[in-house]
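Here is a set of questions and answers for someone meeting this structure for the first time. Please look through the sequence and the model before reading on.

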Amino acid sequence: MSFDIMKIGAELAKEHSMDHVQSKKEVEYKMSIKLLDILKRRGIVNDVEYDQIDELNRQSFSPALSKVYV
């Protein structure tokens, strides 16, 4: 399965009236959540660690839609 990150970012930008930089941050944040979900499913991180890492990711990527993700 292959993803065109630029296409996904462009779609996000258009849908939510974001600039290119902000849409890139959104895509990066969503990718971090997908990876974090895998770590949780495999038992590598627990619920508390998941929440802590997610909070750090939201601070790092500053997604404009972060309130929607909570």
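Q: How many aromatic pairs does a search of the whole structure find?
A: The model is a predicted one. Two rings pair if their centres lie within 6.5 Å, and a search of the whole structure with that limit gives a count of zero.

Q: Over the ring of which residue does the charged end of lysine 40 sit?
A: A lysine counts as sitting over a ring if its NZ is within 6 Å of the ring centre and within 35 degrees of the ring normal. The charged end of lysine 40 is 5.0 Å from the centre of such a ring, and the ring belongs to tyrosine 50.

Q: Is valine 45 buried or exposed?
A: Valine 45 lies in the loop that runs between helix H2 (20–41) and helix H3 (47–61). Leaving aside residues up to four places away in sequence, valine 45 touches Leu36, Leu39, Lys40 and Ile53. Buried means under 20% relative accessible area, and because the relative accessibility of valine 45 is 11%, this residue counts as buried.

Q: Which pattern does the chain follow when read along the sequence?
A: The secondary structure of the chain comes to four helices, with zero strands. Read along the sequence, these elements give the pattern α-α-α-α.

Q: What share of the exposed area of the chain do carbon and sulfur atoms supply?
A: Of the 70 residues in the chain, 29% are buried. The chain as a whole exposes about 5,400 Å², and the share of this area that carbon and sulfur atoms supply is 57%.

Terms used:
Residues numbered from 1 in each chain as written. Predicted model: local features only at pLDDT ≥ 70, side-chain atom pairs only at ≥ 80, totals over all residues. Heavy atoms only, no water. Phe/Tyr/Trp six-rings, centres within 6.5 Å; stacked < 30°, edge-to-face > 60°. Helix = DSSP H or I, 4+ residues; strand = E, 2+ residues; numbered from the N terminus. Buried < 20%, exposed > 50% of the residue type's maximum accessible area, 1.4 Å probe, protein only. Contact = heavy atoms within 4.5 Å. Areas by Shrake-Rupley, 256 points an atom, 1.4 Å probe, with all protein chains shown as cover.
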